[in-house]
Structure formats: structure tokens, C-alpha cells
Amino acid sequence: MSQGPRSGLNAVSSALLAMSRQLEVRDVLKTIVASARELLDAEYAALGVPDDHGGFAQFVVDGVSDEQWRAIGPLPRQHGILAAMLHKAEPERLADVREDPRFEGWPSAHPDMSDFLGLPIRYGDETLGVLFLANKRCPKPTGGCGFTAEDEELLTILAQHAAIALTNARLYERSRELTIAEERSRLAHELHDAVSQKLFSLRLTAQAAAALVDRDPSRAKGELQQVAALAAEAADELRAAVVELRPAALDEDGLVATLRTHTQVLDRAHSAAVTFESCAVRALPAAQEEAMLRVAQEALHNALRHSGAESVRVTLVRRGAGAVLRVSDDGSGFDPRVIRRAGRHLGLVSMRDRAGGVGGRLTVESEPGKGTTIEMEVPGG
């Protein structure tokens with residue numbers, strides 16, 4: 001690099017420190033891309049994570065605006081030089097990517113690129129991802145590449161440490177998932193034991209009351225009072241269990257990050273495109289955040305399982321001291337009045353109860369053939 005080896009090593013050190021501070025995979029990917037772009041002074045940088053089908057499961061970019069990225073369209077698939085790099089163990093430096101025989105063009109909204117440096121991030125024999133940089137900000141030698149052998153060496157160092165950071169982040173996420181699963185299993189077992197005992201007692205007491213109604217009304221009244229007491233105890237235990245079952249990710253990451261992760265998982269798992277956007281949302285009271293997450297999950301389940309939607313959009317925006325959640329799909333839609341008359345609620349009653357329980361409100365807009373929008377507003381703290 002033109003700034004000299006010491007400056008280059010300092011930049012690498014700063015990049016490594018930034019990566020080591022991240023625990024979430026998505027955050028690590030973003031940090032790697034931003035660090036690589038800054039380190040090599042490139043106009044554009046990207047990192048592709050392979051899927052199981054020869055394409056990319058994730059593709060993180062730096063230097064491209066969100067609006068421009070949306071206009072570019074779907075992730076790169078099993079073609080072109082980017083996908084070809086998934087099967088290479090060596091770096092690739094090109095003076096002009098457009099002249100490479102593997103180049104197959106790009107969408108109209110894609111920025112114009114010339115010199116190119118690509119390098120796999122490998123851990124053992126596994127390719128965890130591929131780093132791509134384009135358009136180095138420097139005078140280009142005639143017919144040559146702006147990226148130098150020194151750039152390639154620095155990027156190799158960065159990629160080696162990126163592999164460690166990415167592996168650690170994956171292990172952290174898997175560990176957290178196992179911890180959550182174990183805790184849910186424990187709570188489910190305790191809930192089953194406690195509530196089953198209460199319901200069994202409730203059933204026996206109700207049967208006793210029924211048998212005494214005609215021949216001993218006074219004793220039957222006492223048994224019914226016991227039924228009421230047992231029912232109240234069962235309800236208290238259920239409420240306590242629900243509090244304990246509050247999603248761990250919500251406590252650790254907050255509503256915005258939890259919703260983003262949830263929609264990313266659904267986007268990979270379903271053929272429909274699932275997107276998430278948020279704007280200036282403040283932290284909300286815990287009960288409101290949990291209610292919003294549960295409503296989002298129910299609405300997403302309906303959209304992905306029942307509507308035949310090709311795209312589902314989740315947005316969370318600030319409104320006053322509170323927030324508004326909106327889940328919209330382009331699916332088959334329905335007539336809410338017909339749904340109510342038929343006794344089918346698609347979880348709408350539960351969603352309304354959750355919204356009302358935290359002082360919020362839920363509205364449903366749907367029409368056959370015109371998709372569905374579920375909106376929930378909460379007042380904040």
C-alpha cells in the first residue's frame with residue numbers, strides 16, 4: 001500500500017480488533033466487509049457466504065446504498081466469477097473483471113466495476129465465504145490492476161483472522177440456540193408437571209361437585225369454590241411460565257435485532273422473499289416488545305403457510321413514544337367477515353388479545369386477491 005507497511009499493519013490490527021468485538025454472525029460479516037474495503041481503499045467490497053447449492057446464502061456489501069442494493073435484485077447464484085470463486089482456494093486479481101471470460105454481465109442498477117480482487121475465507125478445508133473488492137482508489141497502471149501483491153498479502157492476513165472470528169460467531173450462536181432449547185425443554189417439563197396436577201385435581205373436584213348437586217347442595221357449593229381456587233392457581237402458574245418463556249434473544253438483542261434475525265431465517269427457509277426494515281425505534285417496555293414479536297411471528301406464519309405470498313414485508317417504525325409493527329404480504333388475502341362467520345380466526349383473536357393486553361391495538365386489512373396487512377401499534381413507556 002502507498003502508505004507504507006507500518007500503516008498497513010496498523011490498519012490490519014484495527015480491523016482484527018473490530019472483528020473480535022462482534023459475536024453475531026451478521027455483525028461479523030459486516031465488519032469484515034467494511035474492514036477489507038477500508039484496508040485496501042476500495043470503492044466496493046462484498047462478502048458472499050455459500051449455501052448448499054453452489055450459490056450464496058448471504059451476500060453482504062459495503063459501498064452500495066440500501067436503495068441501490070434493492071434495485072440490483074436477487075443474490076448472485078451459480079454463475080459468473082463470483083460463484084466461481086466459491087470453488088477456488090487461491091486469490092484472484094484482475095485488471096478488468098469485465099474482460100474475464102467468466103464475466104456474464106450484471107443488472108442495470110449494478111455499479112460499474114473494473115479492477116478486482118477476490119479471496120476465499122477458509123477454515124481448514126471449508127470455504128466459509130469469499131471476499132470481493134473492486135475499484136481501488138488509486139492511479140491504475142496501463143492495462144494493469146490497481147490492487148497490488150501487497151494488497152493481496154494484507155487481505156490474506158485479514159481473511160485468516162476473519163475465518164476465526166466467523167467460526168467463533170457461529171459457535172456462539174449455536175451455543176445460544178442450544179441453551180435456549182435446553183431452557184425451553186426444562187420449562188416445558190415443569191409446566192407439564194405443575195399444570196397437569198392442577199388440572200387433574202380440578203377435574204376430580206368438578207366431578208365431585210356434579211355428584212353432590214342434587215343430594216347435598218351445600219357440599220357441592222364448597223366443591224365448586226375449590227374448583228374456582230384450583231383454576232386460579234393453574235392460571236397463575238401459566239402466567240409465570242409465560243414470563244419465563246420470554247425469548248432470550250429479545251432480552252439480549254432487543255426487538256429490532258430479534259425481528260431482523262427471525263425474518264432472515266424465514267427468508268432462507270421459504271421460497272417467498274421475507275424482508276425487514278426499521279426506522280428510529282426506541283426500546284419499548286418488555287411486555288410490549290414481547291407482544292410485538294409474538295404478533296409478528298403469528299402474522300408471518302399465516303402469510304408463509306396459508307396465503308401463497310411471493311413476498312412478505314415486515315416494518316417497525318417509531319410513532320411518538322411507541323412503535324408500529326406492520327406485516328404485509330401479496331398473497332391470496334381473505335374477507336375478514338367471512339373468516340369470523342366461519343369460526344376461523346387465523347390467530348387474529350390471539351393477536352388482538354396480545355395487542356390489547358399491552359395497551360395497544362391491532363388492525364387487519366385484507367381482501368381476496370389483494371394480500372393482507374396486519375398492523376399493531378403500542379404506546380411505549
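This is a walk through a predicted model, one selection at a time.

**Stop 1: colour by confidence**

Start with pLDDT. The protein averages 80. A score of at least 70 is reached by 79% of the residues. Now select residues 1-6. Over this stretch pLDDT stays under 50. The model has seven contacts beyond four places in sequence for residues 1-6. Where pLDDT is low, the predicted coordinates should not be read in detail.

**Stop 2: strand β1 and its partners**

Select residues 42-50, which make up strand β1. How many of the nine residues of β1 are buried? Seven are, and the strand is mostly covered.

Next, show the strands that pair with β1. Add β5, residues 126-136. β5 and β1 pair in the antiparallel sense, over six bridges. To find the register, pick Ala45: Leu133 of β5 stands opposite.

Add β2, residues 56-62. This strand is joined to β1 by six bridges, and the two run antiparallel. Which residue of β2 is the bridge partner of Val49? Gln58 is.

**Stop 3: along β5**

Stay on β5 and select Thr127. Thr127 counts as buried because its relative accessible area is 14%, under the 20% limit. Show its side chain together with that of Arg122. A polar contact of 2.7 Å joins the two side chains. Expand the selection to whatever Thr127 touches. Leaving out residues up to four places away in sequence, the list is Pro50, Leu86, Pro120, Ile121 and Arg122.

Move on to Asn135, also in strand β5. Check the backbone here. Phi of Asn135 is near 60 degrees, a positive value in a residue other than glycine. Is Asn135 buried or exposed? Asn135 is buried, with a relative accessible area of 10%.

**Stop 4: the aromatic rings**

Now show the rings of the aromatic residues. The whole structure holds four aromatic pairs. Two of them are visited here.

Select Phe59 and Trp69. Their ring centres are 5.9 Å apart and their planes stand at 10 degrees, so the pair is stacked. The angle is what decides, because planes under 30 degrees apart count as stacked. Phe59 sits in strand β2 and Trp69 in helix α3, residues 66-72. The pair links distant parts of the chain, ten residues apart. Phe59 is buried, at a relative accessible area of 8%. Trp69 is partly exposed, at 23%.

Then select Phe116 and Phe132. What is the arrangement of the rings of Phe116 and Phe132? The centres lie 6.1 Å apart with the planes at 35 degrees, so this pair is tilted. Phe116 belongs to strand β4, residues 116-123, and Phe132 to strand β5. The pair therefore ties together parts that are 16 residues apart in sequence. Phe116 counts as buried, at 5% relative accessibility. Phe132 is buried too, with a relative accessible area of 5%.

Keep both pairs on screen. Phe59, Trp69, Phe116 and Phe132 form one aromatic cluster.

**Stop 5: a loop residue**

Go to Ala280, in the loop between β6 (273-279) and α8. Another backbone check is due. Phi of Ala280 is near 55 degrees, again a positive value in a residue other than glycine. Ala280 counts as exposed because its relative accessibility is 53%, over the 50% limit.

**Stop 6: helix α10**

Finish with residues 348-357, helix α10. Which residues of α10 are buried? They are Leu348, Met351 and Ala355. Turn the view to look down the axis of α10. The buried residues fall within an arc of 65 degrees, so they line one face of the helix. On the face turned away from that buried side, look for the exposed residues Asp353 and Gly357.

Bring in what covers the buried residues of α10. The cover includes α8 (286-306), β9 (361-366) and β10 (372-378). Last selection: Gly359, just after α10, takes a positive phi of about 80 degrees.

Technical notes. Residues numbered from 1 in each chain as written. Heavy atoms only, no water. Helix = DSSP H or I, 4+ residues; strand = E, 2+ residues; numbered from the N terminus. Buried < 20%, exposed > 50% of the residue type's maximum accessible area, 1.4 Å probe, protein only. Polar contact = N/O pair within 3.5 Å; in protein donor to acceptor, adjacent residues only side chain to side chain. Contact = heavy atoms within 4.5 Å. pLDDT = per-residue confidence, 0-100. Phe/Tyr/Trp six-rings, centres within 6.5 Å; stacked < 30°, edge-to-face > 60°. Arc of directions from axis to C-beta. Pairing = 2+ DSSP bridges.
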